[in-house]
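Here is a set of questions about why certain labels apply to a model. Each answer sets a value against its cut-off.

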Amino acid sequence: MPVPLYGLTENNLPHLAAFRAAFAEIADSGQFILGPYVAEFEQQLAEYCGVEHAVGVGSGTDALMLSLMALGVGPGDEVITSPLSYVHTAGSIARLGATPVFCDINPRIYNVAIESLESCITDKTRAIVPVHLYGQMCKMDTIMDLARRRGIKVLEDGDQAVGAKLDGKMAGAFGDAGIFSFFPTKNLSAMGDAGAVVTSDGELAEKIRRMRVHGLEPGYRVKTLGGNFRIDAIQAKVLSIKLAHLDEQTARRRELADRYNRHLEDLQVSTPVEAEKRIHTYNHYTVRVRSGGRDPLMAHLDACGIESRVYYPVPLHLLDCFAHLGYQRGEFPVAEQAADEVLALPIFPEMTNAQQDEVVDAVRDYFRAE
Ligand SMILES: Cc1ncc(COP(=O)(O)O)c(C=O)c1O
């Protein structure tokens, strides 16, 4: 039986009746953009994250871009982030004319390494974008301490980590703002693109809210230019319906991760580490296979009908689009090695133990045959 990486249709099945009723209600209401459905979701998300405000936007990328714009990041500014991430982080920084600055990562949890981060800070550093990769939070208490002492802003990229915690505090609640994507593969997922910014800074929330609609003020006046970063009412309603089930779904992901750990720990793969005081949400269950074994394992899984994927095969500093920044291979050895060795195995809340056993058996067969 093939095993997919994600269960995108399964994830929505229990909610189809609620979706249909909600879609009919929205169709009748004519409230398609922003309006009460968006406001309701924003309030629920803010409450969930333990912050004062949430602003729904079109995607995770929009959330980051808009937040950087609202902080006034632009030419001459440096923004520090991780090289092991999706391109949207450094991409958004570069699109604003600022310079993405990369630091190396921690080899155990794949998030920014504090010492490397600190060594990148200059008097041009305007912001830090720590990425909570795979669903586990960065060391936000230390990062906030570093940043606050120097007047640097922090935007937490929680795209893969909604519901994750550090010392009981939610992802998104540490930084000046937190960024979320509700892309269909995320733990809280829309039926299309959607995202949000969360913050307890009322002034920043107000600015982001205005800039989400071009910066428009009453009378079609504009002081600070924004863009169209709006979320649809239908996506907001889908998210409201699903947010109520997020914690139970995270619990199932954690149970599956624990089961994988127990069944794979004696093999030559490194299973994910849940660092101190963290609640990992396992948006990805990422193992590490050393000595060139990752790609052959991936090919074996593929032959068994099991989907797996590499997040991310090319560290951002080596992407062609950032060649002008002048980074060379070898500058971030930990991130580069991780890019060669990490592999995400199937994990989704609706995954059955039988499906997971197939993955485990296929991985074990690979190492037995080696
Ligand atoms: C870490 C990370 N950040 C950002 C994004 C982008 O989010 P979106 O596709 O909603 O713009 C993704 C998702 O694909 C991601 O994995």
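Q: What makes α9 largely enclosed by the rest of the structure?
A: In this predicted model, ten of the eleven residues of α9 are buried, so the helix is largely enclosed by the rest of the structure. Buried means under 20% relative accessible area. The buried residues include Ala233, Val238, Leu239 and Leu243. Charged side chains are on the list too, among them Lys237 and Lys242.

Q: Which helices do the buried residues of α9 pack against?
A: They pack against α1, α2 (16-29), α3 (36-49) and α10 (246-264).

Q: Why is α5 called largely enclosed?
A: Six of its eight residues are buried, so α5 is largely enclosed by the rest of the structure. Those six are His88, Thr89, Ala90, Gly91, Ser92 and Ile93. The cover includes α4 (60-70), β2 (78-81), β3, β4 and β5 (153-157). After α5 comes Gly97, with a positive phi near 85 degrees.

Q: Why is Thr125 called buried?
A: The cut-off is under 20% relative accessible area. Thr125 has 8%, so Thr125 counts as buried. Thr125 is found in strand β4 (residues 125-129). Leaving out residues up to four places away in sequence, Thr125 touches Glu78, Ile80, Cys120 and Ile152.

Q: What makes the pair of Thr125 and Thr122 a polar contact?
A: The limit is 3.5 Å between N or O atoms. The side chain of Thr125 reaches the backbone nitrogen of Thr122 at 2.8 Å. That value is within the limit, so the pair qualifies.

Q: How do you know that Met170 is buried?
A: Its relative accessible area is 11%. Buried means under 20%, so the label holds. Met170 lies in strand β7 (residues 169-170). Beyond its neighbours within four places in sequence, Met170 is in contact with Tyr48, Cys49, Met137, Gly163, Ala164 and Lys165.

Q: How far apart are Met170 and Cys49 in sequence and in space?
A: They are 121 residues apart in sequence. From C-alpha to C-alpha, they are 5.5 Å apart in space.

Q: What makes Glu217 and Lys223 a salt bridge?
A: The rule asks for a side-chain nitrogen of Lys or Arg within 4 Å of a carboxyl oxygen of Asp or Glu. For Glu217 and Lys223 the closest N and O atoms are 3.1 Å apart, so the pair meets the rule. Lys223 is exposed, at 70% relative accessible area. The exposed label needs over 50%.

Q: Why is the salt bridge of Glu341 and Arg288 said to tie together separate parts?
A: Glu341 lies in helix α12 (residues 333-341) and Arg288 in strand β14 (residues 285-289), so the pair ties together parts that are 53 residues apart in sequence. The N to O distance is 2.9 Å. Both Glu341 and Arg288 are buried.

Q: Why do Arg294 and Asp295 carry the labels buried and partly exposed?
A: Arg294 has a relative accessible area of 6%, so Arg294 falls under the 20% cut-off and is buried. Asp295 has 48%, so Asp295 sits between the 20% and 50% limits and is partly exposed. The two form a salt bridge, with the closest N and O atoms 2.5 Å apart.

Q: Which residues do salt bridges that share partners join into one network?
A: Glu42, Arg209 and Arg212 are joined in this way. By the rule, the count comes to 20 salt bridges.

Q: How do you know that domain 1 and domain 2 are in contact?
A: The chain is divided into domain 1 (8-243) and domain 2 (246-369). The contact takes 46 residues from domain 1 and 36 residues from domain 2. The area buried between the two domains is about 3500 Å², with 57% from carbon and sulfur atoms. Of the area that domain 1 buries against domain 2, Phe102, Tyr134 and Asn187 supply 21%, more than any other three residues.

Q: How many salt bridges and polar contacts lie between domain 1 and domain 2?
A: The rule finds zero salt bridges across the interface. The polar contact count is 24 residue pairs, with both residues at pLDDT 80 or more. The side of domain 1 that touches domain 2 divides into 25 nonpolar, 13 polar and eight charged residues.

How values were computed:
Residues numbered from 1 in each chain as written. Heavy atoms only, no water. Domains from an automatic or database assignment. Contact = heavy atoms within 4.5 Å. Buried area = accessible area lost by both parts, 1.4 Å probe. Polar contact = N/O pair within 3.5 Å; in protein donor to acceptor, adjacent residues only side chain to side chain. Nonpolar A, V, L, I, M, F, W, Y, C, P; charged D, E, K, R; others polar. Helix = DSSP H or I, 4+ residues; strand = E, 2+ residues; numbered from the N terminus. Buried < 20%, exposed > 50% of the residue type's maximum accessible area, 1.4 Å probe, protein only.
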